[in-house]
Amino acid sequence: MRNTFDVAVIGGGVMGCAILHYLAKLGVTRTVLLERHTLASGSTGRSLAILRMHYSNEVTTRMAWWSRAVIADFQQETGHPGGFVRTEYLFLAGEGQEKALRHNVSLGRSLGVNTEYITPEEAQRRWPKMRFDNVTAVAHEPLSGYADSSAVTSGFAQSARSAGAQVRLGQEATGIAASAGRAIEVEVGGDTIECGAAVIAAGPWNPELLESLGAPLPLTWTRHQIIRVHRPLDLVPDHPSVGDLPGGISFRPDAGDTTLIGARADPVQRDSLKQTPDADAAAEALTSLARRMPEMEEAGWDGGWDGLFTVTPDWHPVLDRVPGFENVYVAAGFSGHGFKLSPAIGRALAELIVHGASTSIDISQLRFTRFAEGKTVESAYGANVFA
Ligand SMILES: Cc1cc2nc3c(=O)[nH]c(=O)nc-3n(C[C@H](O)[C@H](O)[C@H](O)COP(=O)(O)OP(=O)(O)OC[C@H]3O[C@@H](n4cnc5c(N)ncnc54)[C@H](O)[C@@H]3O)c2cc1C
């Protein structure tokens, strides 16, 4: 088996696969992706996969907007389906958050995003099954929705594979040896892969790989719970995807009569997920949902799952070279909102590797050293998943 490559990507979540795809688009196909389990077996496969454009800063707004178009027409990009469903998206702000919402809507509009500010009264008129009593302002995105995070991941991987990339499953990278002027060596079991460049995209498991290079990042983990309910179809046939800041939840429709609610971000030890949501979290989430849509009181709880957010201090990712290593790159700390950005992140990292800089978008704000420099990225609603 060939063990010399131009680029090795560690991690088969949506980020690793997107990077592999965009490397192939730039003509770099002597590549290998190492995934210790199966594709999308980390945070990606547990994602709520909502696509929204409502962000506080230019770099993430641009990435979300460009990525939406790619995911909405994923067949065109990769030749494979991405499961995009357009639902519209409403972002609801509470007490004291109207100014922040107006800021994000203006920012989005100035960058070409299809979004509008509407009052709670206007929202009540347009979505009569919803209640907006504790809401001060609403951002409406008619083109937003959700996609299938596993399908997008495997679509990127298949597309890169047909261009010549190798995708190796069940292969855990156990160490990286890199020094100036030499090929990078990635250890996989008893084997060594030699490569010109390596990308660390191992999601919640990035810290040990970074620490082995003596380049730690301040990453922590929180546990997010997804509660699946069946809505009463005669009462609630459909609804938009919603980011409900006063209610402390996000929710979206899924196939058939299913609605998925994302709730909580509790600090957690990384390897202690329970796989299912807690009964008290489900009760709390359903109460919030019913407050927003009273007819959801009739909805029935049908399990769900939990997953990890890998969080940076400012809840924005790190996309950069690893300091001290010319040809080692990292995509880390997506803080619970990375899926919707994955095409733009894949493209930016591929450009950084091939051209020495991300030419399509300025990602310098998301540099590795910003925490040490005290230059964190601002968020209109503070440091949380709605960054
Ligand atoms: C419950 C939940 C809901 C979410 N909802 C949304 C949402 O609505 N919208 C949105 O945009 N984002 C959402 N996100 C966030 C989004 O899913 C993540 O930001 C994104 O999937 C991160 O992808 P990743 O590739 O960085 O990490 P992961 O998907 O975790 O992939 C990392 C991969 O690396 C592999 N790996 C680890 N170590 C090694 C090693 N040493 N060698 C080889 N392989 C290794 C793992 O097995 C894993 O497959 C949500 C996340 C969760 C958990």
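In which order do the 3 strands of the open sheet stand? Keep that in mind while you set up the viewer.

This is a predicted model, in which local features need pLDDT of at least 70, side-chain atom pairs count only at pLDDT 80 or more, and totals for chains, interfaces and linings use all residues. Residues are numbered from 1 along each chain as its sequence is written, and side-chain values use heavy atoms, with hydrogens and water left out.

**Stop 1: the open sheet**

Select 50–51, 85–86 and 145–146. The order is E3-E8-E4, with antiparallel pairing. Strand E3 (50–51) and strand E4 (85–86) stand at the edges with a single partner strand each, so one side of each has no neighbour in the sheet. The labels come from DSSP runs, numbered from the N terminus: helices (H or I) have at least four residues and strands (E) at least two. Two strands pair if DSSP finds at least two bridges between them. E3 and strand E8 (residues 145–146) meet this with 2 antiparallel bridges; pick Ile-50 and you will find Tyr-146 as its bridge partner in E8.

**Stop 2: the ligand**

Now show the ligand and the residues around it. There are 37 of these, and Glu-35, Thr-44, Ile-50, Ala-173 and Lys-340 come nearest; a residue belongs here if one of its heavy atoms lies within 4 Å of the ligand. Ile-50 thus links this stop to the sheet you just left, where Tyr-146 is its partner.

Next, look at the polar contacts (pairs of N or O atoms within 3.5 Å; within protein, one must be able to donate a hydrogen and the other to accept it, and residues adjacent in sequence count only if both atoms are side-chain atoms). Three to display are:

- Thr-44: an N or O atom in its side chain is 2.5 Å from an oxygen atom of the ligand.
- Ser-43: a backbone N or O atom lies 2.9 Å from an oxygen atom of the ligand.
- Gly-338: a polar backbone atom is 3.1 Å from an oxygen atom of the ligand.

On its own the ligand has 1000 Å² of accessible area, and the protein covers 96% of that. Accessible areas come from the Shrake-Rupley method with a 1.4 Å probe, and for residues only the protein chains shown count as cover.

Which elements each supply at least two residues of the shell? Colour helix H1 (14–25), strand E2 (31–35), strand E13 (220–230) and strand E17 (300–311). E17 gives the most, with 3 residues.

**Stop 3: strand E5 and Thr-87**

Select 89–93. In strand E5, 5 of 5 residues are buried, where buried means under 20% relative accessible area, exposed over 50%, and partly exposed in between (1.4 Å probe, protein chains only). Tyr-89, Phe-91 and Ala-93 point one way, and Leu-90 and Leu-92 the other.

E5 has two pairings to trace. With strand E7 (residues 137–141) it runs antiparallel over 5 bridges, and with strand E14 (residues 241–244) it runs parallel over 4 bridges. Click on Tyr-89: Glu-141 stands opposite it in E7, and Ser-241 stands opposite it in E14.

Ser-241 leads you to Thr-87, in the loop between E4 and E5. The side chains of Thr-87 and Ser-241 make a polar contact at 2.8 Å. Thr-87 counts as buried because its relative accessibility is 11%.

**Stop 4: Arg-292**

Go to helix H8 (residues 279–292), where Arg-292 is found. Is Arg-292 buried or exposed? At 1% relative accessibility, Arg-292 counts as buried. Its contacts (heavy atoms within 4.5 Å) include Leu-92 of strand E5, Asp-244 and Phe-251, leaving out residues up to four places away in sequence.

**Stop 5: strand E19**

Select 328–332. All 5 of the 5 residues of strand E19 are buried, so the strand is largely enclosed by the rest of the structure. Val-328, Val-330 and Ala-332 lie on one side, with Tyr-329 and Ala-331 on the other. Strand E12 (residues 191–200) pairs with E19 in the parallel sense over 3 bridges, and Ala-198 stands opposite Val-328. Strand E18 (residues 318–321) is antiparallel to E19, joined by 4 bridges. In the hairpin of E18 and E19, finish on Gly-324, which takes a positive phi near 90°.
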